[in-house]
Amino acid sequence: MAYYILKRLLAMIPTLLGVAVLIFLLLRVVPGDVVEARYLTQGSQFQSQDLMDLERKKLGLDQPLWKQFTSWMAGIARLDFGLSMWTGAPITEEIKLRFALSLQLAIMASLIAQVLAIPLGILAAVKQDTWVDYAVRVFSIAGLATPSFWLGILMILTMLIVFKWIPPMVFTPLWVNPWENLAQLIWPALAVGYRYSAVGTRMMRSAMLEVLREDYIRTARAKGLWLKLILARHALKNAILPVLTVMSLEFAFLLGGLVVTEQVFNLNGLGMLFVEAISHRDYTLTQALVMLVATFFLFVNFFVDIAYAWIDPRIRYR
Amino acid sequence: MAVTPQTVDELTRAAPRARWISAIVDFVRQRPLGAIGAAIILLMTAMAVTAGLIAPYNPLENDYAAMLSPPGAEHWLGTDAHGRDVLTRILYGSRTALMVGLGASLLGAIFGSLIGVASAYFGGRVDLIVQRIMDVFFAFPVIILALAVVAVLGTGAGNVMLAIATPMVPRCARVVRSSALAVREMPYIDAARASGFGHRRIILRHMLPNVMAPILIMATAFLGEAILLEASLSFLGLGVQEPTAAWGLMLRGAAVEFAESAPWMAIFPGLAISLGVFGFNLFGDSLRDALDPRLRTQ
């Protein structure tokens, strides 16, 4: 097991290196750079070429690509992400609060998704091919089809018209004012959670259907056990693994993938920061964000695999 | 009754048509949800094709006298902040959605399945390297990857199509590869190799047709998602650009700003997105059930 863990950790390095190379090169292909972007917003396009070159030199943009890349990598190895090219502030400072917001939103959304998905999926499987099953399936496919940003707009609209109230639009960290914080984040979490519950519901249903056909379930039924007990003790345990896998992977993507929902609810999360950083051609910040999201994804993946072996004794890794 | 050439002709002609109709009837009866999905897709296609004929107004014409008018006899679904008819723009928007959706999932499926099949066919080191590269793409959230491609290529319908196809390629490649690995071990592939066929011919003519079912399933599953992604990108202002009619774009800006006084601007385009994607998902699910015997309900 220890050997497997070590192997998996080492295998992350080439993937992360690939991510680094990819985003580094992609950014350099994007037309324009941060110096141009800055002068464009200041409205003075007639800045002298010399001034702009000086600025580039200060940011290290005049260096050959391989040098820029190696110095970035050397920084990462020391866990130093450098300064934002746009604001000049340390990137860890820029990201800190937004990371807290995105992580909290991702956790809340995936909790909501699981609370919806697991009971609904079981219900649909047990009542297979009845109207209950159809209703659950339509509910979950509708969830997949509804853009969470539109759901967000509808939520805000409903609250505005019915309750004459809109959720607070300025982010308050959980540790400052939990009530204010939850009043703001519960709505985007619901909009996103509903959508992601759909994936889980469908997975839960099909996994449950498969398990319910196993011999040991028939045996349990023949013994006259209650259906509820069979479901809770025998079926759920065996069916829930793939569901948890899928939902954890979705969770990993929620961290950086909520760009549009953040826009609707005016949340300054990692997704919006990414859009801003890219439009400013802020190479260092964009790179750091992508590396953060990718590392998070790989680690969630890693923990899911380890948890698998731990929960299911039939799985052993070499 | 003597069998004349004419009756033979009639018989042979009538038979396939009847079978064709009964196949549809069977589909509707066995998979009512899939049939609803197919109906929605047909409706959306009809909207896209006939938008020019049935739309009551010009989708690009501003009518400042009728700005933000509520739904009524003149404008069934109301008008937007430029006085453009919402119904007309929804009808034309189905063109954008279908074009970008079909284009992106087709591109994603073609490149994804070629990479997947080739990776499985060559195996060994090639397979290993291709899979590691795919892993890199998997570590990006879909929308982040699409946004990065848009940043490189610029906005507009064509570029958005490419941007949406990009995250789909690795996912399709992975699924197709796992099916192609089984096909590779089939005797007919050995036979083709023994006959001295080249790699390209074996991949394209012998392996690809035999993994068509998963490709088809992936492509339909992508379609709904591609439409949703296009709407998301356009909503962010990084997809299809004004004044083109696109559903996501209609929800942007004024639709949110005037949501309280003119909610029709925010409600109807979103409804169109949801309904369209819903149709593709329903149909895709039924198609998967029908094509994948392992998932068939007993």
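**Exercise 1. The fold of chain B**

Which pattern does chain B follow when read along the sequence?

Solution. The model is predicted. Start by counting elements: chain B has 12 helices and zero strands. Then read them in order. The pattern is α-α-α-α-α-α-α-α-α-α-α-α.

**Exercise 2. Extent and packing of chain B**

Find what span the C-alpha trace of chain B has along its principal axes, and what percentage of its residues is buried.

Solution. Take the span first. The trace covers about 75 × 70 × 35 Å. Next, turn to burial. Chain B has 298 residues, and 46% of them are buried. Last, look at the contacts between residues at least 6 apart in the sequence of chain B: 70% of these join residues at least 24 apart.

**Exercise 3. The contact between the chains**

Describe the side of chain A that touches chain B.

Solution. Begin with the residue counts. Chain A gives 37 residues to the contact, and chain B gives 37 residues. Now list the helices of chain A that each supply at least two residues to this side: H1 (2-29), H6 (131-145), H7 (148-163), H11 (259-264), H12 (270-279) and H13 (283-311). Then ask which one gives the largest share. H1(A) does, with seven residues. Finish with the chemistry. This side of chain A holds 27 nonpolar residues, eight polar and two charged.

**Exercise 4. Two positive phi values in chain A**

Locate Asp129(A) and Asn266(A). Is each one buried, partly exposed or exposed?

Solution. Take Asp129(A) first. Its phi is near 65°, a positive value in a residue other than glycine. Asp129(A) sits in the loop between helix H5 (91-126) and H6 of chain A. Count its neighbours: 10 other C-beta atoms lie within 10 Å. A residue is exposed at 12 or fewer, so Asp129(A), with 10, is exposed.

Now Asn266(A). Its phi is near 55°, again positive in a residue other than glycine. The loop between H11 and H12 of chain A holds Asn266(A). Here 15 other C-beta atoms lie within 10 Å. The buried class needs 20 or more. Asn266(A), with 15, is therefore partly exposed.

**Exercise 5. A peptide bond in chain B**

Is the peptide bond from Glu242(B) to Pro243(B) cis or trans?

Solution. Read omega: the value is near 5°. The bond is cis. Then place the proline. Pro243(B) lies in the loop between helix H9 (212-236) and helix H10 (247-250) of chain B.

Notes: Residues are numbered from 1 along each chain as its sequence is written. Chains are lettered from A and ligands numbered from 1 in the order in which they are written. This is a predicted model: local features need pLDDT of at least 70, side-chain atom pairs count only at pLDDT 80 or more; totals for chains, interfaces and linings use all residues. Two residues are in contact if their C-beta atoms, placed from the backbone, lie within 7 Å. Helices (H or I, at least four residues) and strands (E, at least two) are DSSP runs, numbered from the N terminus. Ala, Val, Leu, Ile, Met, Phe, Trp, Tyr, Cys and Pro count as nonpolar, Asp, Glu, Lys and Arg as charged, and the others, Gly among them, as polar.
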